[in-house]
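This report covers aromatic side chains and the contacts they make. The structure comes first, followed by notes on selected pairs, a cluster and charges over rings.

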Amino acid sequence: MKLIIKTLAFIIICFSTSNLSAQIDTERLSLFFAEGYKIDELVFLLDNMPIKKHEKWMEKRGYAFREEIPSKKCLVYKKGEVVTLFIFLEKEYISEIQVSSSPQKYYQAIDTFSKSPLFRPTKLLKKVGITEDEKKKYWRNNGFIFYADTNNYRVGIFRDYPFEMERKISKSYLPEMVSVKKGSFMMGSKNEEDPSDTKPAFTATVNNFNIGQYEVTVKQFRYFCSETKRKMPAAPLAGWQDDFPIRNITWDDAIDYCQWLSYVTEKKYRLPSEAEWEYAARGGQKTKKFIYAGSDFIEKVGWTYKKNDVVMKRVGSTYPNELDIYDMSANVFEWTNDWYNPTWYETSSRNLVIGSVYRGPSAGTQKVIRGGSASESSKSKIIYRGKISPNNYYVDLGFRVVLEED
């Protein structure tokens, strides 16, 4: 009884600490340019400032017009003694805003961006027509790209998605989803011959979620790139085929796709957690406890080839598992959302709270990949855990998405 009370107390403390950290992050974000100047102000101006008659509109928000620089299509505004805005224009919209403040506030901005979970660091923008500047640091957040420029100690913002992009998507480009009912299951392996990072087995719990019936296809990812003016990943030797899984994808590429899909659908898409992936692969509440996703025989549910032969097949070419999900064993490896920790199962089993939803590590250097591939079928068991740096990509590595319940 005392153990249960201590465990619950620990959970409450962790939850409270998490909420406090989020609150501190929000407060820091609201103050990092100048006292009372919020990051949301930049997003608001980018979306709402009129191209014509902007002076009166800006004056009502506390800005004073300084000058126009026609050669750069730039308007300069001041707010108080500290903040200077450089607003860059296109014919119909504002394309970019830069903020100049004190050096102290500039470095405070970088520190805030780097430590806040609201902003995801991005080394390569992979945007058509945009060359990354080595002296700039970039972060993505909710359809915008923020940056810090050491050339002139300015912080800026521009759209991740084209101004003219419509916030809608044809059903033909939407991933087909399978509903997975919540439940608890034995995660990991009890087999002594399986890798050490899959042991010990422990009871994990997941909530209701929806997962892609197939891996994200070349057609779906190409549409995302076309809509967002993004470069496609390097094509495999065989070239791209629409109904094959997209590959040569970094973890960041997969996250960018999920965030764009969330933006255009106004729903919450993301990568599956490691527990969600394994639960779905096992068949959820309909599990027959197969070794692979849908069978004890890899040849039935996955494509297998000799080592280093990375020829893939179109999605859905084999038999599905118990939930009618395809290719969760041996087509391409799949990114998950979780950080990799080789001893996490041991930690989870030791600190298990019955009925609590499984949570992966909060930090790490590598992300978990699952599912095996046609070229490495020995790693296609449901329990197998791979790990790769989120910046790396391989010709046999793709992903599938999760759609959260409303």
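## A buried pair

F202 and Y345 are both buried. The model is a predicted one, and 27 aromatic pairs are found in the structure. In the pair of F202 and Y345, the ring centres are 5.2 Å apart and the planes meet at 70°, so the arrangement is edge-to-face; planes over 60 degrees apart count as such.

The two residues come from separate elements: F202 belongs to strand 11 (residues 202-206), and Y345 to helix 9 (residues 344-350). The pair therefore ties together parts that lie 143 residues apart in sequence.

## A pair within one helix

F221 and F224 also form an aromatic pair, edge-to-face, with 5.1 Å from centre to centre and 65° between the planes. Both residues lie in helix 5 (residues 218-228), where they are three residues apart, about one turn of the helix. F221 and F224 are both buried.

## The cluster around this pair

Which residues form one aromatic cluster with F221 and F224? The other members are Y173, Y223, Y257, W260 and F399.

## Charges over rings

Two contacts between a charged side chain and a ring are described here. R154 lies over the face of F86, 3.6 Å from the ring centre. In the other contact, the ring of W339 has the charged end of K367 over it, at 3.7 Å from the ring's centre.

Technical notes:
Residues are numbered from 1 along each chain as its sequence is written. This is a predicted model: local features need pLDDT of at least 70, side-chain atom pairs count only at pLDDT 80 or more; totals for chains, interfaces and linings use all residues. Side-chain values use heavy atoms; hydrogens and water are left out. Rings of Phe, Tyr and Trp (its six-membered ring) pair if their centres lie within 6.5 Å; planes under 30 degrees apart count as stacked, over 60 as edge-to-face and the rest as tilted. Helices (H or I, at least four residues) and strands (E, at least two) are DSSP runs, numbered from the N terminus. Buried means under 20% relative accessible area, exposed over 50%, partly exposed in between (1.4 Å probe, protein chains only). A charge sits over a ring if NZ of Lys or CZ of Arg is within 6 Å of the ring centre and within 35 degrees of the ring normal.
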